[in-house]
Amino acid sequence: MAAEPMFAEERQNRILQLLRKQKKLLVNELCETFGVSPATIRNDLNELEKQGLLRRTHGGAIAGTKINFEPTSVEKDVANRERKIAIGRAAAELVEDGDTIAVDTGTTTYYFARALAGKKKLTVVTPDLAIARTLEDSEGVSVILAGGQVRRGFSCTVGAIANSVLQSLAVDKAFLATNSVNAAGELCTPDIEQAAVKKNLMKMGNQVILLCDSSKFGTQSFAKFGELRDLDAVVTDRQADPEVLQKLRAMEIVVETV
């Protein structure tokens with residue numbers, strides 16, 4: 001039985017963590033694990049199925065996400081939103097007035113960009129259209145949009161033109177997002193062209209900082225773009241596996257949890 005009540009979002013994240021390990025879960029087992037009613041668990045499973053994160057079966061659920069599946073930007077924004085906002089705010093504290101930074105596309109990095117309001121003499125390079133729009137009215141921020149082919153449904157640019165722009169620039173700090181961090185410590189994303197953009201963003205930064213909520217650890221996506229050892233810092237949430245956090249610190253990566 002659960003030691004104390006959980007928020008629905010926290011419980012759903014724990015369900016996903018269990019599903020990644022066991023591949024199949026039963027409603028009655030989840031009721032015992034979390035100390036809640038079958039109706040509550042069914043609501044959790046139905047919500048996670050709507051997000052494409054599992055597949056409902058009679059009496060439970062199985063892992064349903066394909067290795068190359070990627071929710072759209074709108075769908076991503078629903079999952080773990082409060083954690084992403086908190087991570088974004090914490091990461092914004094790492095930005096100093098006068099910095100030149102690169103900001104990856106993603107919902108967590110979008111909330112990070114929103115938290116940059118009030119910074120002075122800041123230059124931001126990004127392939128993300130929504131981030132560029134968010135920052136264009138900030139008087140203290142100069143925005144450079146890496147133009148290129150717009151990736152439909154994801155509000156960002158990819159392709160040769162975007163990569164050419166990124167390859168020609170250098171920044172103080174690069175803030176990265178990821179779809180997964182697998183067991184081997186590889187950073188992955190479902191789309192090959194997106195992986196190429198992320199590789200170039202990583203190469204730009206004197207410091208590379210990953211913004212990653214705990215649900216991304218221990219998962220696998222199609223295309224690798226980097227490794228944990230490429231990072232200088234990780235900002236995540238307190239639900240992250242303690243063993244993962246210990247591994248990061250052993251690699252001399254600065255870890256901040258929110």
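Is Arg14 buried, exposed or partly exposed? In this predicted model, Arg14 turns out to be partly exposed, with a relative accessible area of 28%. Its side chain meets that of Glu10 in a salt bridge, at 3.5 Å from N to O. Both residues sit in helix H1, which covers residues 8-22, and they are four residues apart, or about one turn of the helix. Glu10 counts as buried because its relative accessibility is 18%, and the cut-off for buried is under 20%.

How far can the prediction be trusted, in the predictor's own terms? The pLDDT averages 89 over the protein, and 91% of the residues score at least 70. One weak spot is the stretch of residues 72-78, where the pLDDT is below 50. Even so, that stretch has 16 contacts in the model beyond near neighbours in sequence.

Next comes the sheet. Seven strands make up an open sheet, lined up as E6-E5-E4-E9-E12-E14-E15, with parallel pairing. Strand E6 (141-145) and strand E15 (254-257) stand at the edges; each has a single partner strand, so one side of each has no neighbour in the sheet. Going from one strand to the next, the twist averages 20 degrees. At the E6 end, strand E5 (residues 122-126) runs parallel to E6 and is joined to it by five bridges. Within this pair, Val124 stands opposite Val143 of E6. As for the helices, H10 lies across E15 and strand E14 (233-236), and it runs at about 150 degrees to E15.

Then there is the inside of the protein. In soluble globular proteins, nonpolar side chains tend to be buried together. Here, the largest nonpolar core holds 29 residues, and Leu176, Leu187, Leu210 and Leu231 have the most contacts inside it. Two or more residues each come from strand E9 (171-176), helix H9 (192-204), strand E12 (205-211), strand E13 (223-227) and helix H10 (242-250). H9 is the top contributor, giving five residues to this core. Leu210 has quite a list of partners: leaving aside residues up to four places away in sequence, it touches Leu176, Ala177, Thr178, Val181, Leu187, Leu231, Ala233, Val234 and Val235. Apart from this core lies another one, of 20 residues, with Ile87, Ala91, Val124 and Ile209 among them. Val124 is thus a member of that core as well as the residue facing Val143 across the E5 and E6 pair.

Back to charged side chains: the count of salt bridges comes to ten. Besides the pair in H1, one of them brings together the side chains of Asp104 and Lys198, at 2.5 Å from N to O. This pair links distant parts of the chain, with the two positions 94 residues apart: Asp104 is in the loop between strand E4 (100-103) and helix H6 (107-114), while Lys198 belongs to helix H9. Both Asp104 and Lys198 are buried.

Another salt bridge joins Lys224 to Glu227, whose closest N and O atoms are 2.7 Å apart. Which of these two is buried, and which is partly exposed? Lys224 is partly exposed, with a relative accessible area of 37%, whereas Glu227 counts as buried at 18% relative accessibility. The pair does not stand alone: Glu186, Lys224, Glu227 and Arg229 are linked in a network of salt bridges.

Notes. Residues numbered from 1 in each chain as written. Predicted model: local features only at pLDDT ≥ 70, side-chain atom pairs only at ≥ 80, totals over all residues. Heavy atoms only, no water. Core = buried A, V, L, I, M, F, W, Y, C linked by side-chain atoms within 4.5 Å. Buried < 20%, exposed > 50% of the residue type's maximum accessible area, 1.4 Å probe, protein only. Contact = heavy atoms within 4.5 Å. pLDDT = per-residue confidence, 0-100. Salt bridge = Lys/Arg side-chain N within 4 Å of Asp/Glu carboxyl O. Pairing = 2+ DSSP bridges. Axes fitted to C-alpha atoms, helices over the stretch in contact; angles between N-to-C directions.
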